[in-house]
Amino acid sequence: MISNKTLKQLEYDKILEKLNSFAVLDGTKNLIKELLPISSYAVVKHLLDKTQEGFCLLYNEGVGVVEYFTALLDEPERAMRGGVLNFQELLKCARLLRASRITKNSIVSATTNAPILKEIANKIYVENYLENSIFSKILSETQMADTASDKLYSIRQSIKEITEKIRIKLNDYMRKDANKFMQDNVVSKRFDRYVIPVKSEYVTKVKGLIHDRSQSGNTFFIEPQEILDLNNELRNAVISENQEIERILQELSSAIGLISNRLYENETYLCDIDLTFCKAQYAYQTKSIYPNLNSNGIINIKTGRHPLIDAKKAVPVSVSVGENYNYVLISGPNTGGKTVTLKLVGLLTLMAMTGLFVPCEEESSLSTFDSVCADIGDEQSIEQNLSTFSSHLKNIIDILQIANKNSLVLIDELGAGTDPDEGSAIALAVLTALLNKDSIGLVTTHFNSLKEFAYSNSKVLNASMDFDSSTFAPLYKLRTGLAGTSNAIEIAVRLGLNKEIANLATSFLTSEKISFNNMLKEAEIVKERAEKEASEIKSLKEEQVKLLNKLNLEKDKFYKEKEKFLLKAKIEAKKAFSSKLEEAEDMLLEMKDIFNKDEYVNSDLVKMATLKNKISSLQFNLDEQNSSLNNYHAVDFKNLKVGASVFVKSLESVGEVLEINQNKGFAWVMVGNMKTKCKAEDILLVNGNKPVNSGVKVSVKRSLNTEVKTELNVIGLNVDEALLKVENFLDSAVVSNLNEVRIVHGKGLNILSSAIHNYLKGVKYVDAYRFGKYGEGEHGVTIVTFKE
C-alpha cells in the first residue's frame, strides 16, 4: 500500500511526466497517468524484463517506435451493429491496422531475444487486404478515389462529360443570346445546378428556372431552359455517385465490424508495447540500469543519481540498508543532502516497482515492498488547523499502523518541531517501535540521543552527510559508520553571523553537548584523513599493478618477437647451407666427369684447380652461424656504442650503429647503403656488440614472387620422410606469417597421422592442431594453427 501523499512527497508524479514525454499514442499517455508501483516481485520482475527487451529492440536491433494513430472510440462497435463509418472513421481504423502490421513485423522478425514482447506482438491481428483496401479507396477525410469501384469510375466519367456539355452550352448561350442580360460572365452553381447571373430588369427576358437572388436584389440566378435537361441528367449522376460511395462505405464498414474486437485488442497491445518503449527510452536518456531485484527488503544503491536533478549537478550517493541492519540514521548539517538521499532511496524503489530502470551503477540492488511510507517536508496544514509538528506526528501515527517487515519507511527529521527533549524521546520511541516491526528504512535527525542509540543498536547504522572540515561547506556525500554534527553555529558564522554572537551561542551549550560534538568532529577529521590516505594507497597500488602488467606484456612481447626472429634466421641459415651444399655437389660432379676421362689436357687441369678453390671458398660452419644468430640481446642506449652490430626488426637485417642520441631516445643505423633512425625497441644487439662478418649473408626477407604453400601432401612417404617434409613446411609457413596450414596424410592405419601429431606436440610455435571436419578431409588431414 502506497498512499498518494507518499507518491507526491517522493515526486513520483514528476517521473511519470517525464515518461509521458516519450509516449506516441494517446492511449499510452492515459496509461502512464494511471501507473502505480506494484508490490508483487514476480510482476515487477516481468515488467523489468520487458523493459530490457524494449531497450534491446530499440537500441541494439534498431526497431522503430509504434506508429501514431488516433485512439478508437465507438467506431468498430457501431460498424459491428451495422452502422456506416465515414471517411475519417475508416481511415482511423486503417491507420490502426497499419501500425499493428508494422509493429508486429518489426518485433517478430527481430533477432534479439525478446520472448515477452514477441508473445504480445504475435497476438496482434493483421489484415493487409482491408488495410490496403481502405487506403486505396479513401484518399482523404473528404475524398474517395475514382477507382474505388468500376461503377464509381464510370459515374464520375459521365459527370465530367455532362459538366463539359453544360459548360459549352452556357458559354455559347452567354456569348450569343444573353450577353446583354448578364450581370457578369461567370457561371455559378445553386443547389448543385448550374446557373447564370441575370440583371433584375431582364429576368423576364431569360427563359428558365430562378434558383436564387442576390442580397441586394439586383441579380437573379437563373438556370436557362437550354441546359435544364443536362442539369437534370447531372443531378441524377451525382445521386448515383453518392449512392455508390455510400455502398462502398457500407462494404468497408461491414469488414471493420467483423474484426471490431480484434481492433480494440490491437489498440491495447500497441499501447502496452508503446509504454514499454517509453520506459526503454527513459532508461537510455537517463543512463539507467536494470537493478538486481529482490523481495527481501535489501537495498544497495551504488552511486545513485536523483533522476530529477540535472545530471551535471547531481552528486552520486551510495547507500545500503536491509541486509546487515534495518535502518540508516543520517545526521549532519542542514542543506547537506540528507533529505535528497531520503527521496533518492524512495524514488528509485518506486521506479523499480513500476518496471523502470534506475540511474545508478551496475549491480545495484532494489527490493519490492508491500508498503512504502514517507514523512518528508513541511506538512503544516492551515485547512485542518494542524501545525507542522502535529501534521508530522499524524503521519508518523499512520506509518506505525501500516509498517511491517515488508515496509520501507522514510522519515525526515524524526521528532523535530517541538521541545528538543520531548521530541528526542518521541523519536527514540518511534524508531524502537519501527525496529520491533522489523521494517526497513532511513531516518534523518539532529538529535544526539538518536546517534548514541544507533551506536548501541546493531540494527541501526549511523551515517552522515560529508562536509569540508575546514570550511564546513557541504559535499553532498553519504559517509556510513559515523554520525555527523549539525555544525549549526559554524554554518551561521560562514553565512555572516557576528562572531561575538556565535561565541555567546557556544557558551550556552552544555559541556556534555560540546564534548559529544567535539568527539564527533575529531572522529570525522580522523576518518577523513584515513580515507584520504587509504584512497592514495589504493591509487598507488593500482598504478603499480598497471605498471607491472605493462612490463609483463612488454616482456612477453619481446620474447615472442625474439623467438620469431631466431626461428626465421635459423630457417634462412638452413636454406643458405642447403644452397651451398648443392653448389658443392655440382662442382664435385664436374670433377668426377674430369676424373672419368682417359686422358687429361691442360684445360682439364686448370678447371680442376678452379673447382678445388671454389669448394674451399664454400666452407660453411653452421654451428658457428647458429651461435651468432642465437646471440640477440635487448638494447640499452646507456651501454650501446657506435660501431655495434644491431638487428633492425622493421628491415629484418643486421646493421651498424653510426650515431646515438640518448636524450631523444634513438640511434642512426646503417643497413647496407641505407641510413635509418631507430628507437631502442626497434633493434636488438647482435653477438655481444661485435659486428657479424659471416661469409654467408642471412636474411629473413622473402621474395615477393615466392609462392606461399598452405598445404603439404605426405601420402606415400614413410614416417621419417614425412616428418622431415613436415618440419620444413611448418618452418616456411611461420616465416610467411601464415595463421593456419593443412597436412594431407591419408587415413590408412593412422601411422602417419599419429607420428605427425606426436611431432606437433613438441613444436613451440604451434598453437593447436586437429583432424579435419566434415568437408575438410576429416581424419585424412590435420589442420595446424600457429601462435600469434
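**Exercise 1.** Determine whether T445 is buried or exposed, and describe its surroundings.

*Solution.* T445 has a relative accessible area of 1%, and it is therefore buried (under 20% relative accessible area, with exposed meaning over 50% and partly exposed in between, for a 1.4 Å probe and protein chains only). The structure is a predicted model, in which local features need pLDDT of at least 70 and side-chain atom pairs count only at pLDDT 80 or more, while totals for chains, interfaces and linings use all residues. Residues are numbered from 1 along each chain as its sequence is written, and side-chain values use heavy atoms, with hydrogens and water left out.

Next, locate the residue: T445 lies in the loop between β12 (440-444) and α15 (448-456). Helices (H or I, at least four residues) and strands (E, at least two) are DSSP runs numbered from the N terminus.

Finally, list the neighbours. Leaving aside residues up to four places away in sequence, T445 touches L329, I330, S331, G332, E413 and L450; contact means heavy atoms within 4.5 Å.

**Exercise 2.** State which residues of helix α7 (residues 115-123) are buried, and what covers them.

*Solution.* The buried residues of α7 are I116, L117, K118, I120 and A121. Their cover includes α4 (41-61), α6 (87-108) and α11 (260-286).

**Exercise 3.** Identify the residues that make the contact between α7 and α11.

*Solution.* The crossing of α7 and α11 is left-handed, meaning that the near helix is turned anticlockwise from the far one by less than a right angle. From α7, L117, I120 and K123 take part in the contact; from α11, N266, Y269, D272, I273, T276 and F277 do.
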